[in-house]
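Please open the model in your viewer and keep the selection panel at hand for the stops that follow.

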Amino acid sequence: MLNALIIIVKTLTDLYLLMFLLRFLMQWVRASHYNPFAQFVFKVTSPLVIPARRVLPSVAGLDTPTLVVLVLLEILATWLLLWLARYALPVPEILFYSLLRLIALTLWFYTVAIFVYALVSWFGNPGRNPMFGLLGQLIDPVLRPARRLLPPISGFDFSPIIVLVLLEAAATLLPLLPGLR
């Protein structure tokens, strides 16, 4: 019963945190705000980000208020999951695992986004899908270095495969507690 509760809480908190991560990434890559999904992300995250904007300015073109809200929510979610899993850790370790969970969430997002992007580009009709353009804007900064290293061969782009392997390798290196995976 407790494991089921942990899974439910982790899933719901990860989905909510993903909205803040997406907002941060969309502003970082200067993605279009007119996409329906982008508008959804902004509406879901605005109740916490707008008050934070009144206190925190953006720094060096980065959306600092969204990042601060994301980090604070991650710390709260990590503490809640640790409490549910009956781990009693000191504050520095909670902060450490919060950072690891944020990294894991980012790696998971890019893994799924690149996989979906590759599938749609191979089998779908990307020109008609508004999500494809947004997805392309979000993953292009991650794929660009791999594309420079290995340009497309006969029209086939191997960069998603290279980046997916690297993302998975990085994810396996994260030392997360069992209740936090």
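This is a predicted model, and the tour begins at a contact between two helices. Select Tyr-16, Met-19, Phe-20, Leu-22, Arg-23, Met-26 and Gln-27 in H1, and then add the residues of H2 that they meet, which are Phe-37, Ala-38, Phe-40, Val-41, Phe-42, Val-44, Thr-45, Ser-46, Leu-48, Val-49 and Arg-53. If you colour this selection by residue class, the contact of H1 with H2 divides into 13 nonpolar, three polar and two charged residues.

Next, show the two helices in full, H1 as residues 2–28 and H2 as residues 36–55, and look at how their axes, 9 Å apart, cross at an angle of about 95°. Because angles of 65 to 115 degrees count as roughly perpendicular, H1 is described as roughly perpendicular to H2.

Now turn to the surface and select Trp-108, Val-112, Phe-115, Val-116, Leu-119, Trp-122, Phe-123, Ile-153, Phe-156, Phe-158, Ile-161 and Val-165, which together make a nonpolar surface patch of about 1,100 Å². Helix H4 (91–123) and helix H6 (159–172) are the elements that each give two or more residues to this patch. Which of the elements provides the largest share of the nonpolar patch? That share, seven residues, comes from H4, and Leu-119 can be picked out as a patch residue whose place is in helix H4.

Finally, zoom out to the whole protein, which has six helices and zero strands, so that the cartoon can be followed from the N terminus on as α-α-α-α-α-α. Taken along the principal axes, the C-alpha atoms fill a box of roughly 55 × 40 × 30 Å.

Methods: Residues numbered from 1 in each chain as written. Predicted model: local features only at pLDDT ≥ 70, side-chain atom pairs only at ≥ 80, totals over all residues. Heavy atoms only, no water. Axes fitted to C-alpha atoms, helices over the stretch in contact; angles between N-to-C directions. Helix = DSSP H or I, 4+ residues; strand = E, 2+ residues; numbered from the N terminus. Parallel < 35°, antiparallel > 145°, perpendicular 65-115°, else oblique. Contact = heavy atoms within 4.5 Å. Nonpolar A, V, L, I, M, F, W, Y, C, P; charged D, E, K, R; others polar. Patch = residues over 30% accessible without salt bridge, like charges linked within 9 Å, V, L, I, M, F, W, Y side chains within 5 Å. Areas by Shrake-Rupley, 256 points an atom, 1.4 Å probe, with all protein chains shown as cover. Salt bridge = Lys/Arg side-chain N within 4 Å of Asp/Glu carboxyl O.
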